[in-house]
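Work through the exercises below with the sequence and the 3D structure at hand. Each task is followed by a solution in steps.

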Amino acid sequence: MFKSSRYGEGYEIYQDYITDKTFQARLETLNGKNTDSVSGNVWLSGTLSSPSKLDLTEGGDFSKGVEGYRYYFPILYTITLEPLEGQAIIKHFTKDGRSLDGIDGFRDYTRKLVKGEPYYFEHAPETSKYKYVGYKKSTKEPPTPGGTPQKGNPDRFQYDGSFKTYYAYFYYDPVNEGECPGGNCEPPPPAGRCSESPSTSIPDSVMDPQSTGTIKADSVFDVLQGIPTSESLNVRVHALEYLYMNKFTKMVGQCTYQLTVTKTYNLEWEEEVDDGVDEEGSPKTKWETKTRDETVTKSYTIKRDFSYWQIDNLEVYKIDKSIVNNYALPSGSVTLTPTGYQPPTVETKHSTGYANHIKQPTVNNVDLGSETVYGDTAPDEDFTSEAESAVEPIRVKNDYLCFRSDVIMSDTETIENGPDPGKIPAPRPIEPNVLFGSGYMIDSNKVNMDKTPSDGTIFYVILPGNINGGSNQNFPVKNINPVTVHTPVVNYSSASDDREHNQKTIPNFQRMSFILDRPFTVTIPTSGRHVDYPGYGNRDYAKYVRTKQVAFPFDVYHADRTVLYPKGTWIDIPVVQLTAAFYLPVWVDEGNYEIRFRTIAENAPSPFTSETNANTNLRHHTAEMEIPVEVIGRVYDFRITDIADYRWETVFRTQPGSVQHTGNYYWAGDRNIDGYPRGNRTPFTLPIRLGSHPDAGARNISVKTGYHFKFDLKTKGNMFGPADGIRIKPDFYFASKDGKQRQAVDLYYHSNEKKFIRIGSHEDKEKRYVILNARLRNVPERELTDTAQFLYDAEYAPNSPNPVSREQYVREYISNASDKTWVGTYDWFILPQSLRTFVGNPNIPGNATATPQRALAADQKWYGEYSIPAAVYVVPKGTNLAEYGRTNRLNDKSPIFLKNGYIIVNFNIETIRNKDVANPHLQYIHAPAMAPYPHRNQWGLEGFRRTIADSYGNSFQLTDGDVIFYHGDQSSYDDFGSMGTH
C-alpha cells in the first residue's frame, strides 16, 4: 500500500527519517464531500525526532550557519468512493410545459442508473383526458418547453457513466382544448402540512483588507531622507482583492401526510351446515365453502424530513479606490483607481420559506387490491410499510451562490437534504500595480518639511447580489511612510581675481583683486556638494533654483555700463548663466569688502533663511556665500609733455615762442592703461633718446644735461586726500653710445659751497620746485576750477568757521597755482596735493551712491618736472671719489668721469596715502602681483619696449622706468655759456 501511494517509492527510503515518537493528527475543515474534489487541513502535534536527520542544507544555497532538517509523519487517509452512478429524471408535461405530475394518474419519478445496466423508458399510457404527443430527452440539461417533441419513445441505452443525468420528458395534449391539469391552471397545493426551523449556521468573513501603502520617488531619491520639489512621487497601496461576509443557515423541517391504505380480503372458509338426515334419519351436516369480501381501510400519518441551506447574509465587496494623503502630493492628496483589476463575480438566487425550497411528493391513498384469505375474519395487518412506500421523499433545493464561476452553494434539486455549501475562497493580495500611480510632481511652492505624515483610506463597494444588508465600506491604509521635502541648492561662488592689474605694494592674496574702472566677473555655479542622500551629493542643482543673486557693498555697472546697480542691491543672475560680468565704477572707495552671494530655492518662502554653501539643514531655503575682495586704485599714463632743451621746442609747441601745445607726448609705450593700443605713433614712446625727435634732421639729438622735462601721470582711487602724493625716486645709469654697455652710476655736481656732491648723499641739499600752473604746463583752466571747487566743498568749507565764498576760493586757488611748490631733491621728490588736479567725470547715474564731486575726484592728475645738473660728473656706482682724489688729481676733466655715452634717468614711481611714506600704496613698476604676467608691471602693460634702437641702429637694453637719455658729453652750458653750477 505504501509503495503504491508513493508512486513506487519504497518505505526504506523514508524509514530512517520517520518520527519515532507518538503524535496526534486530525483532519479539519473538510470541504467538497460528495463532490468530485475534496480539500481540507491536517492538524498535527508531535515531536521533531527520528533515528536519523535528513539534512536539507547539503548541496543547497543556504547562508553560513543555517541548519535545516526534514521529518516525516506517516498518515493514512481512507477515501470511500461511490460507485459510478447516475440518475434518470422522468417527467410529464402538457405540450405548453405545465406539469402533469399527480394529475389523472401521471406521476414523475427518478430512477438510479448504474453503469453497465440497460435501460428503457416509455411514456405513461394515455387517459381519457390526455393524448400522448411525444418526448424530449437530454443528457446535459433539462429540456425546455416549446418546439416539436419527437414521436414514439426514447431508444434503449446502456448506461456508460459518461453523464450524470438523463432527462426524459413526455408531453401530452388535453383532449378538451383549454382544460388545465387538475381542473385549474395553478399547481396543486401541497399535500402535507409542513414546518421548519433554522438549525446550523455557518458564518464566515474576511473584512480586514490588510491595507498598507508606500510613497516613493519616481527616481533615485529616498523620500525618508529627502526629495526636492519638482521631483515626482509614486504611490502604491497594497490590499486584499475583495472582502466578504456571509452567513449560511441550514433549515430543517418536516412535512406530515395523511393517507389511507385499503385492502379487500376475499374471505373463504368451510362452514358445517345441515345436510338433512342420513339413512338412519339422523341429522347430518356437510362442510360448505363460504366466501365473502371484507374491505379494510386503515389511516396512516407519514412524516418526511427535509433540510436545505439558505443564505441569510451575503456581502461581497470589490475595490473602488484608495485616497492617500501627504503634504508632498499634489494638493496634498491623490486618488488611486484600480488598474488591471478583475473584481469577483457573484451570482445568487435567494428565497425564504420552505415552499420555495421543497417539492412535496404527490400523496394518494393506497389500494392494495384484494387478497383471498382462508378464514371468515380479515386479518389485522399493518400497512405502515405500504403507506411509507406510497409517500416519496421530499425533494429540496438550496439557495444558489456562484462565486467566480465556483458554485459555493448549489441549488440542484436533491432528495430530502440539500448539499452542504462550500466556502468563499480567501481573497489574495492584489498585484503591485493595481492601486498604483506615479508622476505626482511635488509643487515648487511647497516649503521644506521634515517627515511629513501620511495617511490613507481604501474604499470597497458592495457588489450586486448582496443579501440582507451591507453597504459600502472604507478602511484606513496603514503604515504609509512619511515624506521629507528638502529642495537642495548650493552656492560655491567665485569672483575674478584681477592680479594682472593689481599695483598694490603689498598685495593681499587672501582677497580677490577688484581694480577700479575695470571689468570683473562673478561665477555662481548651481553645482556642488550637498548632503550625501540618494539623489543629492555632488551634482548640478539648477533644476531647483528660483534665482541666483549677488549683492555688492559698492556701486557696480552692468558689463556694458548701461545699467548701474547701487550698492547693496540684490542682482538677479539667470539660473542658466554661470558667469556674470560687471564693471567697477571709478568712484568706489578703495578697501576691503565682502561680496554676498545667494542661491534661492524655488520653494523658498518669504522671508527665508540661509546656510553657507548648501542648505543641508532643510529649514533653510537659500545657500549663501561671501567672497572677500579688495578694491584697488591705479597709477598710470606717465608721459613727458615738454623738454626745456630749445632743440625740442617745435616738438611740443606749434611754433617757436608759442605756448600752444602740439599734442605730442612721449608715453611709456604705445598701449593704454589696460594694454590696448593708445594710438600714439612712433617715435612718441619713452625713453627720450636719439631718434625720439620726430624731425629727420634731428636724428642725433637727445637732451643735454641741465634741461628739465615736464611730465604728468594719473591715478584712480582714493588719492584725493590732502596728505596723498606721488613719490618718485630717480636712479641713474650710463650707457655707451653703441648700447653695448650699461651700468649703474653715481652723479656728482658742484654747489657754491662744495665741489663734487654726490646726488643722494647727505650733502645733496639742492631743493627742487614745481609750479602747477606754469606757462608751458598747459593745465586747462576748467581742470583747475573743478579741482578748486572740490577742495572748497570737501576740505575748506567744512573745516573753516568763516569760509570765503566758493568763487573767491576758486580765484585764490588758481592764483596760488602759479606759486612754486617744493617737491624734493635730485635724489627723490614727492608730488603733493598742490600739484594734483581732479579729472574724473562727474556725470554719473542718478542712482549712484556717490556724489558727482566724488566721481570728479576719483581720477587724479599729477604734474611734475625733473632735470639733472647741467655740470654733472658721472662715475660707476659705488666709486669712492674721495679715495680717488687722494691718489689722483681730481678735477672736472679727470679721466675717472664717464662722458662718451648717455646718462639714463630711471624713475621708480609710487603712490603715498596720508603721508605714510614708509608704506607706499601703489607701484607703477615694482608691483609683486603683476610680476608673474608677461608685461611684469604697469610700465610694461602700457607697451614699454625693453629693447630699442637709436637713430643709428644701436641697440639698447632698457630697464622699466627709463624715461630719458641725457647726453653724457653735452650740457645746457654749451648753449648759454657759463651760467652757474646747473
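A nonpolar patch is made of residues with over 30% relative accessible area and no salt bridge, whose nonpolar side chains are joined within 5 Å. The structure shown is a predicted model.

**Exercise 1. A surface patch**

Task: Find which residues form a nonpolar patch with Val42, and state where Val42 lies.

Solution:
- Step 1. Val42 has its place in strand β2, which covers residues 39-45.
- Step 2. The relative accessible area of Val42 is 39%, so this residue is partly exposed.
- Step 3. The patch on the surface consists of Val42, Leu44 and Ile75. Together these residues have about 210 Å² of accessible area.

**Exercise 2. Two helices**

Task: Decide how helices α4 and α5 are oriented to each other, and give the hand of their crossing.

Solution:
- Step 1. Locate the helices: α4 spans residues 781-799 and α5 spans residues 806-816.
- Step 2. Their axes are 9 Å apart and the packing angle is about 125°.
- Step 3. Angles over 145 degrees count as roughly antiparallel, and those from 65 to 115 as roughly perpendicular. The helices α4 and α5 are therefore oblique to each other.
- Step 4. The crossing of α4 and α5 is right-handed.

**Exercise 3. Salt bridges**

Task: State how many salt bridges a search of the whole structure finds. Then describe the pairs formed by Asp380, Glu413 and Asp642.

Solution:
- Step 1. The search finds 47 salt bridges.
- Step 2. One of the pairs is Asp380 with Lys298, whose closest N and O atoms are 2.6 Å apart. Asp380 is in the loop between β19 (366-374) and α2 (384-390), and Lys298 is in strand β15 (residues 283-326), so the salt bridge ties together parts 82 residues apart in sequence. Asp380 is exposed at 73% relative accessibility, whereas Lys298 is buried at 19%.
- Step 3. Glu413 and Arg395 meet through their side chains in a salt bridge, at 2.5 Å from N to O. Since Glu413 sits in the loop between β22 (406-409) and β23 (414-415) and Arg395 in strand β20 (residues 395-396), the pair ties together parts 18 residues apart in sequence. Glu413 is partly exposed, with a relative accessible area of 30%, and Arg395 is buried at 16%.
- Step 4. Asp642 and Arg653 form a salt bridge with the closest N and O atoms 3.0 Å apart. The pair links distant parts of the chain, with Asp642 in strand β42 (residues 634-643) and Arg653, 11 residues away, in the loop between α3 (649-652) and β43 (666-667). Asp642 is buried at 5% relative accessibility, and Arg653 is buried at 2%.
- Step 5. Asp498, Arg518, Arg634 and Asp674 are joined into one network by salt bridges that share partners.

**Exercise 4. Sequence and space**

Task: Give the separation in sequence and in space for Pro338 and Phe436, and for Gln310 and Ala542.

Solution:
- Step 1. Pro338 is in the loop between β16 (333-336) and β17 (346-349). At 26% relative accessibility, Pro338 is partly exposed.
- Step 2. Pro338 and Phe436 are 98 residues apart in sequence, and their C-alpha atoms are 7.8 Å apart in space.
- Step 3. Gln310 is in strand β15 and is buried, with a relative accessible area of 8%.
- Step 4. Gln310 and Ala542 are 232 residues apart along the chain, and 69 Å separates their C-alpha atoms.

Technical notes:
Residues are numbered from 1 along each chain as its sequence is written. This is a predicted model: local features need pLDDT of at least 70, side-chain atom pairs count only at pLDDT 80 or more; totals for chains, interfaces and linings use all residues. Side-chain values use heavy atoms; hydrogens and water are left out. Patches are made of residues with over 30% relative accessible area and no salt bridge: like charges are joined within 9 Å, nonpolar side chains (Val, Leu, Ile, Met, Phe, Trp, Tyr) within 5 Å. Accessible areas come from the Shrake-Rupley method with a 1.4 Å probe; for residues, only the protein chains shown count as cover. A salt bridge is a side-chain nitrogen of Lys or Arg within 4 Å of a carboxyl oxygen of Asp or Glu. Helices (H or I, at least four residues) and strands (E, at least two) are DSSP runs, numbered from the N terminus. Buried means under 20% relative accessible area, exposed over 50%, partly exposed in between (1.4 Å probe, protein chains only). Axes are lines fitted to C-alpha atoms, for helices over the stretch in contact, and angles run from 0 to 180 degrees between N-to-C directions. Angles under 35 degrees count as roughly parallel, over 145 as roughly antiparallel, 65 to 115 as roughly perpendicular and the rest as oblique. A crossing is left-handed if the near helix is turned anticlockwise from the far one by less than a right angle, and right-handed if clockwise.
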